[in-house]
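Trainee: I'd like to learn how to read a structure like this one. Could you walk me through it?

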Amino acid sequence: MSPFTSHTLDNGLTMIFEAIPRINSAAVGFFANTGSRDEVPEQAGISHFLEHMCFKGTAKRDWRQLSLDIDDLGATWNAYTWWEGTAYFHWAQSERATQSIEILADMMRSTIPADEFDTEKKVILEEIAMYHDRPDALIFDHLIRTAYPDHPVGQSVLGTEETVGALTREQMIEYFDRRYAPENMTFIVTGRFNRDEIIAAVEDSCGDWTSGESGRDQPNPVFSGQTRVFPRDNVTREHVTLAFPAPSAASTEAITAEMLSAYLGASTNSRLYWAVVQNSLADEATADFAGFSDAGLIYIYLSVDPARTDEAIEVVLQECRGLHGDIDTDALGRAKTKAATSVVCAGEHGLHRFSQLVDDLSCGAPLRTLDEQIEEIRAVNADTIARYLSSYPLDGEPALVALGPRTELALTH
Amino acid sequence: MAVDIVEMNNGIRVVIEPMEGAKSAVMAMRFGFGAKDDPLDRLGMARVAEDVLFKGTPSRDAREVFDAFDTLGVRRGSTTQVEHTQFQAQFLPEHFRSVCELYEETFSTASFPDAEVEITKTLTLEELKRLEDSPIQQAMLLTFKAALGEPLGRAPMGEPETLEQITSAGVRRFWTEQCRPESLIFSIAGGIDRETVVSTIEDLFGGWGGDPPLEQETHTVTIADRLVHHEKESEQAHIGIVFGSVARGHALYYPAQVAIAILSGSGSSRLFTEVREKRGLAYSVSAFYRARRNGGLIALYAGTTAERADETLKVCRNEIDRLAEDVTEEELERSKTILKGGLFTTGDLPEGRAGSLVEDLFLDGNTRTLQEIADGVSAVTLDQITGYLQTCPPTPQTVVILGPNPLTGGP
């Protein structure tokens, strides 16, 4: 029987529950189905900035009172914004869940206080500056922009110094009123909790939220296999990412993309590990799957000696081409076993399950129990991978981005 | 639930916390050697050994060792710190014995092949270069080095010149000398029972030993009084501050933890409030505790755009100084709630418990249950905080700036 149950309030707010009986804690929070892909280009960064402003004051509490009330619960808390959405959570002992709901719901009706707007803008600008000092993180913005040059999904989550600098409170209020509507949000609880108490608390705190937009209307992103080089003379290594098209996170083939990525580029004992890292070509060569609601990528990250960049890229492309028709079933089996262990471990962790549900909801993927996830992993085999590769080959033109001392690459495909 | 410590005849210590209903188990294996034991001309030795350990035994080559762990679905990790080297595994309990057999085989028969030692040396040099592209991490390593000096301030990765000097024969000798039962702790938490753990470890590791114990030098924590600027063309200035605290087993350990929680780690904490919320000076600002065997320290990090470094440092220092003056009863209670809150979340996971128990046993020879930690935190009073800050005033301090400009205002 499914451990997921759901409930919908009259105003359209959906609630999702997942019971994990062993643990003594509960993770509760809201997922707002609005992220950087819902922004107009000149307002890039508004979703993330708004996430910060939700901590800065409500009709009932100023920022100081909010942080005092949150900390009085002893909760582990945070919020995050990405392409698809924004999520806020508290993770604390089960007895605190209803108090957390009241506070989080209050934050979801932030007044976006005018006198805090400019101070918080400085914090965001510091975050952007910090990100600029981290080329291995920054490069993923460039990669997504390069893979989807003409689509809002390629926009940066943080925005730029210029766009954030120019944002006004009025623009944020307009965005907030439109996007933080009950039919565009989901309440989630995982762990040990009393369902009736949770419903009553959410009803009480969110029942009067008024309607707005829900969802989004966008064409599917179109992948572009271009190469772009971002020269930076204050960066030491050459940071390289390359990506191939993959199915969306909602697709039944997403799990095949995940297993193929692990087989190709898990951080140890994968094909890239032996071909690239253990040949001293890069100190890191990893592959992963990034799923959106309507598109997906298998991407590879390399940290290389600038002088050996071309050679390392060539070896990676060879390994990718080599996947066609040559899957070592023993190695694939090991990748599957490791993935299954990870699912079991995550199942004991209230916050991991919360994040997994947020991910699945944001992409329109079905919610799956741990057993269902393990079943999906087990069903991947050399045949499903071969079928996958005929629809999503890894031997075409990748989107490729290099960031570091190099001003150009000698790419020959 | 009770924590059980078993000491075997050869000195291996085992701490076990069975967790009812848990479907996974975590095992941390900690040796009491680390970067402090690197020969001075071959800094980086312990870390090279930790990495090459898995690159072959007489019966398996590197791939076969990796495959054997992966076949069991083990999630594996390892780390070399200054005073210890730790291996960690998360797995399904039914594989416990096989996992232990693999670690026993690698620990006692690793062959450290020449070619593999050379690969690890090359990769470590590459990682040292990559550190330049991770300025937060780089700033903290530079801060610990400046604060603690030799040998407690060492960075485990070593240096290019010293890595060059490391040979496979040297690594083999180092490992043989350091891998000893009396320096090894097993910490296991999760869905596993005491009997299975004790009998398996006894069976596989009970025969270890025979050599006289290594003489252990004790290194006291002394914090240098210095201000250092490392020039870097970064957007932000990355600021590290270090001052002294108490050791893990000290009577003032809990007051120290509460004092740090008042300073940092939550939205209402003083650093977050003053540096970020009120002034918008930093996105990232935090203070944290680090233990050594014979002492403890508090480290602080703040990242701010270069022109705001002076002001940020001033605000941070003001908060450090003010701590001794005006902690309120309300702040005390809130910080205790936050510390205890963590015990129900990350503290209550197999990895959280295995990590906490190994740290306890390693640093002060004893362990605490979650309830004992909660009680220890609850008992802290305002007077104890004052007492702690008199015993450990936040001076002298080491301040390190990694960024484009030196400070204009001076310390």
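Mentor: Happily! Keep in mind that this is a predicted model. Let's begin inside one chain: the C-alpha centres of domain 1 of chain A and domain 2 of chain A lie 28 Å apart.

Trainee: Where do those two domains of chain A run in the sequence?

Mentor: Domain 1 of chain A covers 4-206, and domain 2 of chain A covers 227-404. Their contact takes 32 residues from domain 1 of chain A and 28 residues from domain 2 of chain A.

Trainee: Which element gives the largest share of the side of domain 1 of chain A that touches domain 2 of chain A?

Mentor: That is helix 5 of chain A, with nine residues. Strand 2 (14-19), strand 3 (25-32), strand 5 and strand 6 (185-191) of chain A are among the elements that each supply at least two residues to this side. By class, the side of domain 1 of chain A that touches domain 2 of chain A has 19 nonpolar, nine polar and four charged residues.

Trainee: And how many residues of chain A are in contact with chain B?

Mentor: There, 52 residues of chain A meet 51 residues of chain B. Helix 4 of chain A gives the largest share of chain A's side, nine residues. By class, that side has 16 nonpolar, 20 polar and 16 charged residues.

Trainee: How do I judge the overall form of chain A?

Mentor: Try the radius of gyration. A compact globule of 413 residues would have a value near 22 Å, and chain A has 22 Å, so the two agree. Its C-alpha trace spans about 60 × 50 × 35 Å along the principal axes, and 53% of the residues of chain A count as buried.

Trainee: Now a single helix. How do I read which way it faces?

Mentor: Start from the general idea: an α-helix has 3.6 residues a turn, so residues three or four places apart point the same way. Now take helix 11 (residues 309-322) of chain B, which has 14 residues and reaches 20 Å from its first C-alpha to its last, close to the 20 Å expected.

Trainee: Which residues of helix 11 of chain B are buried?

Mentor: They are B:Ala309, B:Thr312, B:Leu313, B:Val315, B:Cys316, B:Glu319 and B:Ile320. These cover an arc of only 165° around the axis, which puts them on the same side of helix 11 of chain B.

Trainee: What do the buried residues of helix 11 of chain B pack against?

Mentor: Their partners in chain B are strand 10 (236-245), helix 9 (253-263), helix 10 (270-278), strand 12 (295-305) and strand 13 (398-403).

Definitions and conventions. Residues numbered from 1 in each chain as written. Chains lettered and ligands numbered in written order. Predicted model: local features only at pLDDT ≥ 70, side-chain atom pairs only at ≥ 80, totals over all residues. Contact = placed C-beta atoms within 7 Å. Helix = DSSP H or I, 4+ residues; strand = E, 2+ residues; numbered from the N terminus. Nonpolar A, V, L, I, M, F, W, Y, C, P; charged D, E, K, R; others polar. Domains from an automatic or database assignment. Expected span 1.5 Å × (residues − 1). Buried ≥ 20, exposed ≤ 12 C-beta atoms within 10 Å, placed from the backbone. Arc of directions from axis to C-beta. Rg over C-alpha atoms; globule rule 2.2 N^0.38 Å.
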